[in-house]
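Got the viewer open? Here is a short tour, one selection at a time.

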Amino acid sequence: MDFLYVKALHVIFVITWFAGLFYIIRLFIYHVEAEKKEEPAKEILQTQYKLMSKRLWYIITWPSAILASFFAIWMLYKNPYYLEMPWMHVKLAFVLALYFYHYSCQKIYKQLQNDIIKYSAFKLRIWNEVATIILFAVVFLVTLQSAINWIWGVVGIILFGVLLMLGIRLYKKIREKKSWEKAEKEVLENTDKKDSFNEN
């Protein structure tokens, strides 16, 4: 098979792998947030999220990870000179980090399938950004193909990560404020109803 076909297939499965990783964490977050719901909504939602997670994880994410790795090895086999390039060594280090990330998602998946909740929705939102940082790092390394520029890239990625964390915190505060305002409004409405009922 021509090298460019192998490369195209590698890129396609990398995209679907990341799509699976991004979405699985969203399902984990929804699963954890459903824990606060009243029955029967809690059981219905968590059962649905378990099913969605199982299909996503084993039909899309795992096969994509395996096929992306397969075509990557094939590319390196067809063009071993890539392994002599310093930027490729850095890229492979980030890919190794991605495998560890995938493995940690597998652990969280198994815990939630067994109704074990160890992480808050907020922690999972932060964890979701790790894949984003790896994605940025890999894309810039492949595009720039420079071992020197990756240092500035890492600095940029760290700053980007800090901005993401600040954004997550701000989002959490906005959500908490809206929830508080909604609860306050409901209390006031109930108080008004009771007052009007007592007057009658």
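For sorting residues by class, Ala, Val, Leu, Ile, Met, Phe, Trp, Tyr, Cys and Pro are nonpolar here, Asp, Glu, Lys and Arg are charged, and everything else, Gly included, is polar. Keep in mind that you are looking at a predicted model.

**Stop 1: the cavity.** Select Val-32, Ile-108, Gln-111, Leu-112, Ile-116, Ile-117, Lys-118, Tyr-119 and Leu-124, which line the largest cavity. Sorted by class, that lining is 7 nonpolar residues, 1 polar and 1 charged. Helix α3, residues 86-113, gives the largest share of the lining, with 3 residues. The space inside is about 30 Å³, and the count of cavities of 30 Å³ or more comes to 1.

**Stop 2: the pocket.** Now go to the largest pocket, with about 670 Å³ of space. Its lining has 26 residues, and you can find the centre by selecting the closest ones: His-10, Val-14, Lys-91, Val-138 and Val-142. Colour by helix next: α1 (3-34), α2 (41-78), α3 and α4 each put at least two residues into the lining of this pocket. Colour by class instead, and the pocket lining shows 21 nonpolar, 3 polar and 2 charged residues.

**Stop 3: along α4.** Select residues 121-144 to get helix α4, which is 24 residues in length. From first C-alpha to last, α4 reaches 35 Å, close to the expected 34 Å. Step just past the end of α4 to Gln-145, where phi is positive, near 50 degrees.

**Stop 4: Phe-13.** Back to helix α1, where Phe-13 lies. Which residues does Phe-13 touch, leaving out those up to four places away in sequence? Show Ser-64, Leu-67, Ala-68 and Phe-71: these are its contacts. Try a distance too: Phe-13 and Ala-65 are 52 residues apart in sequence, but their C-alphas are 7.1 Å apart in space.

**Stop 5: the aromatics.** Show every aromatic ring; a search of the whole structure turns up 15 aromatic pairs. Zoom in on Tyr-30 and Tyr-49, whose ring centres are 5.9 Å apart with planes at 40 degrees, so this pair is tilted. Tyr-30 sits in helix α1 and Tyr-49 in helix α2, so the pair ties together parts 19 residues apart in sequence. Is each one buried or partly exposed? Tyr-30 counts as partly exposed, at 31% relative accessibility, while Tyr-49, at 16%, counts as buried; the cut-off for buried is under 20%.

For a last selection, pick Phe-3, Tyr-81, Tyr-82 and Trp-87, which together form one aromatic cluster.

Key: Residues are numbered from 1 along each chain as its sequence is written. This is a predicted model: local features need pLDDT of at least 70, side-chain atom pairs count only at pLDDT 80 or more; totals for chains, interfaces and linings use all residues. Side-chain values use heavy atoms; hydrogens and water are left out. On a 1 Å grid over the protein atoms alone, a cavity is a set of points where a 1.4 Å probe fits but cannot get out, and a pocket is an open set with protein on both sides within 12 Å along at least five of seven lines; lining residues have an atom within 4 Å of a point. Grid points are joined across faces, edges and corners, and a volume is the space filled by probe spheres set on the points. Helices (H or I, at least four residues) and strands (E, at least two) are DSSP runs, numbered from the N terminus. The expected span of a helix is 1.5 Å times one less than its number of residues. Contact means heavy atoms within 4.5 Å. Rings of Phe, Tyr and Trp (its six-membered ring) pair if their centres lie within 6.5 Å; planes under 30 degrees apart count as stacked, over 60 as edge-to-face and the rest as tilted. Buried means under 20% relative accessible area, exposed over 50%, partly exposed in between (1.4 Å probe, protein chains only).
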